[in-house]
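Dear colleague,

Please find the structure below, handed over for your study. A short account of the findings comes after it.

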Amino acid sequence: MEENIKNEGQFSGVEKSSGDNVPADTDSAGHISQETPATSRLQKILHIFLSIFIPILAIFFFLTFILYFVPVLQELKSGPKTEITRDPELKKDPGYNKQIGTMIKDIQRLSRKYNTYATGQSYIVINTTENRFYLYKNKKLIREGSCSTGSYKKLLTAEGKSWTCKTPRGKFTIQGKRTNPAWHKPDWAFIEEGIPVPPKDSPLRWEAGVLGDYAMDLGDSYMIHGTIYKRFLGMPVTHGCVRLNDEDLEVVFNTLNIGSKVYIY
């Protein structure tokens with residue numbers, strides 16, 4: 001009797017008629033849940049990580065397939081490559097021998113033509129597309145670097161005169177060499193500045209300090225010279241001349257002589 005009363009006293013605080021009063025942190029069987037705020041945050045972080053990592057991994061495998069496996073499959077599909085072999089029977093074919101003889105003559109002709117351009121003397125090659133120069137001596141490249149060439153800007157006057165700021169292309173020679181050169185400004189220089197054009201013998205046409213320490217004349221007022229606008233080297237910004245930086249200009253000036261070839265393309 002006492003035992004029954006004692007047991008009833010231990011569960012007197014539990015409502016027996018309904019399961020709706022089970023505490024929020026227990027499951028339907030009355031077990032205490034193990035989930036904590038830290039566990040919930042960890043699950044969220046893991047979910048975010050997987051949602052980012054899986055797409056990146058998929059993109060990586062897709063790119064790897066495109067870059068590596070597709071070319072391999074195409075190569076396998078194309079079949080074995082044909083190997084070029086020297087067939088002794090071809091040497092007996094007159095047509096084959098004639099074609100080989102023509103090719104040898106063409107190579108010899110081009111070699112002789114190359115030697116007329118690339119003599120043992122020093123010469124310089126100007127690439128106006130990439131704005132690069134290549135200086136050769138005894139058929140060996142001894143210096144290369146950036147330069148500036150024509151901008152292809154067009155100047156027009158009210159009278160209908162026009163100038164295009166382009167560097168001429170072709171084979172030229174060094175016609176003169178000068179140290180501490182002064183610039184004799186042509187008509188277009190004044191037109192570009194929007195000021196009246198002075199007479200040909202006017203002292204206003206002479207300007208010092210803008211051509212660098214050296215200048216090499218190519219004819220028709222075109223020159224290889226220095227520049228005060230070194231930040232523009234490697235860009236097409238000139239009125240037609242070829243500009244070099246101070247160090248390159250000194251080497252080119254001391255290497256080339258009057259009569260040295262200048263190839264511009």
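The notes that follow describe the chain as a whole, then its surface, its aromatic rings and two backbone angles.

Please keep in mind that this is a predicted model.

The chain as a whole

The chain has 265 residues, of which 24% are buried. Its secondary structure consists of five helices and 13 strands. Of the contacts between residues at least 6 apart in sequence, 56% join residues at least 24 apart. The accessible surface of the chain is about 19700 Å², and carbon and sulfur atoms account for 58% of that area.

A nonpolar patch on the surface

Eight side chains deserve your attention here: Leu46, Phe49, Leu50, Phe53, Ile54, Leu57, Phe60 and Phe61 form a nonpolar patch on the surface. Together they offer about 790 Å² of accessible area. One of them, Phe49, belongs to helix α2, which covers residues 37–78. Phe49 has a relative accessibility of 47%, so it counts as partly exposed, given that exposed residues must be over 50%.

Aromatic rings

Five aromatic pairs are found in the whole structure. Among them are Trp183 and Trp188, whose ring centres lie 6.0 Å apart. Their planes meet at 45°, and the pair is therefore tilted, since stacked pairs are under 30 degrees and edge-to-face pairs over 60. Trp188 is buried, at 16% relative accessibility.

Tyr229 and Phe232 form another tilted pair, with 6.4 Å from centre to centre and 35° between the planes. Both residues are partly exposed: Tyr229 has a relative accessibility of 38%, and Phe232 has 29%. In addition, Tyr123, Tyr136 and Tyr263 make up one aromatic cluster.

Charges over rings

Two lysines are placed over aromatic rings. Lys177 lies over the face of Phe253, 4.4 Å from the ring centre. The charged end of Lys185 sits over the ring of Phe190, at 4.7 Å from its centre.

Two positive phi angles

Which residues other than glycine have a positive phi? Tyr152 is one of them, with a value near 65°. Tyr152 is located in the loop between β3 (140–146) and β4 (154–156), and it is partly exposed at 48% relative accessible area. Asp220, which is not a glycine either, has a positive phi of about 55°. Asp220 is in the loop between β10 (214–219) and β11 (222–225). With a relative accessibility of 67%, Asp220 counts as exposed, because the cut-off for that class is over 50%.

Yours sincerely,
A colleague

Key
Residues numbered from 1 in each chain as written. Predicted model: local features only at pLDDT ≥ 70, side-chain atom pairs only at ≥ 80, totals over all residues. Heavy atoms only, no water. Helix = DSSP H or I, 4+ residues; strand = E, 2+ residues; numbered from the N terminus. Buried < 20%, exposed > 50% of the residue type's maximum accessible area, 1.4 Å probe, protein only. Contact = heavy atoms within 4.5 Å. Areas by Shrake-Rupley, 256 points an atom, 1.4 Å probe, with all protein chains shown as cover. Patch = residues over 30% accessible without salt bridge, like charges linked within 9 Å, V, L, I, M, F, W, Y side chains within 5 Å. Salt bridge = Lys/Arg side-chain N within 4 Å of Asp/Glu carboxyl O. Phe/Tyr/Trp six-rings, centres within 6.5 Å; stacked < 30°, edge-to-face > 60°. Lys NZ or Arg CZ within 6 Å of the ring centre and 35° of its normal.
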